[in-house]
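Visitor: Hello! I am new to this structure and would like to learn how to read it. Could you walk me through a few features?

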Amino acid sequence: MMDRNADAPWSKFDPEAYVDLNYRTPLEVDLLIVRLMRDHFSGCFAGGVPAAVRGVDVGAGANLYPALSMLPWCEKLLLLEYARPNVEYLEKQASPAGYDTVWDPFWDVLRDHPAYERVEPRSRFGDIVRVERANLLDLDGRRRWDIGTMFFVADSISECPEEFRRGVACFMGALNEGAPFAAAFMKESVGYRIGEHHYPACRVDERRVRESLEGYADGLEIHDLHHVVRPGHEGMILALGRRSSEIATT
Ligand SMILES: C[S@@+](CC[C@H](N)C(=O)[O-])C[C@H]1O[C@@H](n2cnc3c(N)ncnc32)[C@H](O)[C@@H]1O
């Protein structure tokens, strides 16, 4: 039997253990991803930033770097997350106390670009970020955003290929036409352990990621990054593009 999204112990997710495992010591591959995403968003907005841009990070979990990469462009930025411990983690990061210093090395990469250098990230994060408990698989296109990120979510919440494709479709369906996006995937992941708990993953490669996105994206760029950060996967895949006007049939 395949582990579906609803079967995994999301209420037991430990955000601090997750940060210790993945982000407390910044990995070269994450810093590379931040740089590629920064340059992608800067390129998309090179002609000017529209008024009142609203951004979303779906399945934000205990990772602030996708949200940080959207800071200069957004008037409002929503972090959607399903697991209650991660919702609490994110609410604390967005509180007046300011986010943890663990995220500073990621901002250091962002602020090397002129579009980011004048942003004061902690106060801006506290001002524009809101956190909401929501299920990716319930996004039905009625609410849409102007820029979006989804990092290690559609591939890392279920073993089921149908839920992977649906997760990507729900994310892309939540973006307005022309919206810049970035999405990241673990390549060929067999699942992951956080503390005492195992979480499911769907094995995807560059071809499957491309297939899942191409009906929804213009200017799709896929970076197949061969960095292995732990046993049980074969690298990371970063997809960059803009939401197309085509509505794909899945
Ligand atoms: C591997 S983590 C990725 C977290 C973070 N985005 C990152 O880049 O490290 C998967 C995340 O998806 C969240 N999640 C699981 N099921 C979800 C669902 N149905 N809708 C939204 N988020 C979900 C988990 O709680 C977790 O935060």
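Visitor: Which atom of the ligand does a polar side-chain atom of Asn-135 lie 2.7 Å from?

Guide: Welcome! Keep in mind that this is a predicted model. To read a polar contact, look for a pair of N or O atoms within 3.5 Å. Here, the partner of the Asn-135 side chain is a nitrogen atom of the ligand, at 2.7 Å.

Visitor: Which backbone atoms lie 2.8 Å from a nitrogen atom of the ligand?

Guide: Backbone atoms can take part as well as side chains. An N or O atom in the backbone of Gly-59 is 2.8 Å from a ligand nitrogen, and a backbone N or O atom of Phe-151 is also 2.8 Å from a nitrogen atom of the ligand. As for cover, the ligand has 590 Å² of accessible area on its own, and the protein covers 99% of that.

Visitor: How many residues surround the ligand, and which are the closest?

Guide: There are 21 residues around the ligand, the closest being Tyr-18, Tyr-23, Glu-81, Asn-135 and Leu-136. Sorting such a shell by class helps to picture it. This one has 13 nonpolar residues, seven polar and one charged. The ligand also takes up the space of the largest cavity.

Visitor: Is Ser-212 buried or exposed?

Guide: Relative accessible area decides that, and buried means under 20%. Ser-212 has a value of 8%, so this residue is buried. Ser-212 belongs to helix α9, which spans residues 206-213. The Ser-212 side chain reaches the backbone oxygen of Val-209 at 2.8 Å.

Visitor: And what about Ala-239: where is this residue found?

Guide: Look in strand β9, residues 236-243. With a relative accessible area of 0%, Ala-239 is buried too. You can also compare sequence with space: Ala-239 and Val-119 are 120 residues apart in sequence, and their C-alpha atoms are 25 Å apart.

Visitor: Which loop holds Ala-52, and what is its phi?

Guide: Ala-52 is in the loop between α2 (28-44) and β1 (54-58). The phi angle of Ala-52 is near 55°, a positive value in a residue other than glycine. Since its relative accessible area is 42%, Ala-52 counts as partly exposed.

Visitor: What is the phi of Glu-188?

Guide: Glu-188 has a positive phi near 55°, again in a residue other than glycine. Glu-188 sits in the loop between β5 (180-186) and β6 (192-194). Its relative accessible area is 18%, and because buried means under 20%, Glu-188 is buried.

Terms used: Residues are numbered from 1 along each chain as its sequence is written. This is a predicted model: local features need pLDDT of at least 70, side-chain atom pairs count only at pLDDT 80 or more; totals for chains, interfaces and linings use all residues. Side-chain values use heavy atoms; hydrogens and water are left out. A residue is near a molecule or strand if one of its heavy atoms lies within 4 Å of it. A polar contact is a pair of N or O atoms within 3.5 Å; within protein, one must be able to donate a hydrogen and the other to accept it, and residues adjacent in sequence count only if both atoms are side-chain atoms. Accessible areas come from the Shrake-Rupley method with a 1.4 Å probe; for residues, only the protein chains shown count as cover. On a 1 Å grid over the protein atoms alone, a cavity is a set of points where a 1.4 Å probe fits but cannot get out, and a pocket is an open set with protein on both sides within 12 Å along at least five of seven lines; lining residues have an atom within 4 Å of a point. A molecule sits in a cavity or pocket if more than half of its atoms lie within 2 Å of its grid points. Ala, Val, Leu, Ile, Met, Phe, Trp, Tyr, Cys and Pro count as nonpolar, Asp, Glu, Lys and Arg as charged, and the others, Gly among them, as polar. Helices (H or I, at least four residues) and strands (E, at least two) are DSSP runs, numbered from the N terminus. Buried means under 20% relative accessible area, exposed over 50%, partly exposed in between (1.4 Å probe, protein chains only).
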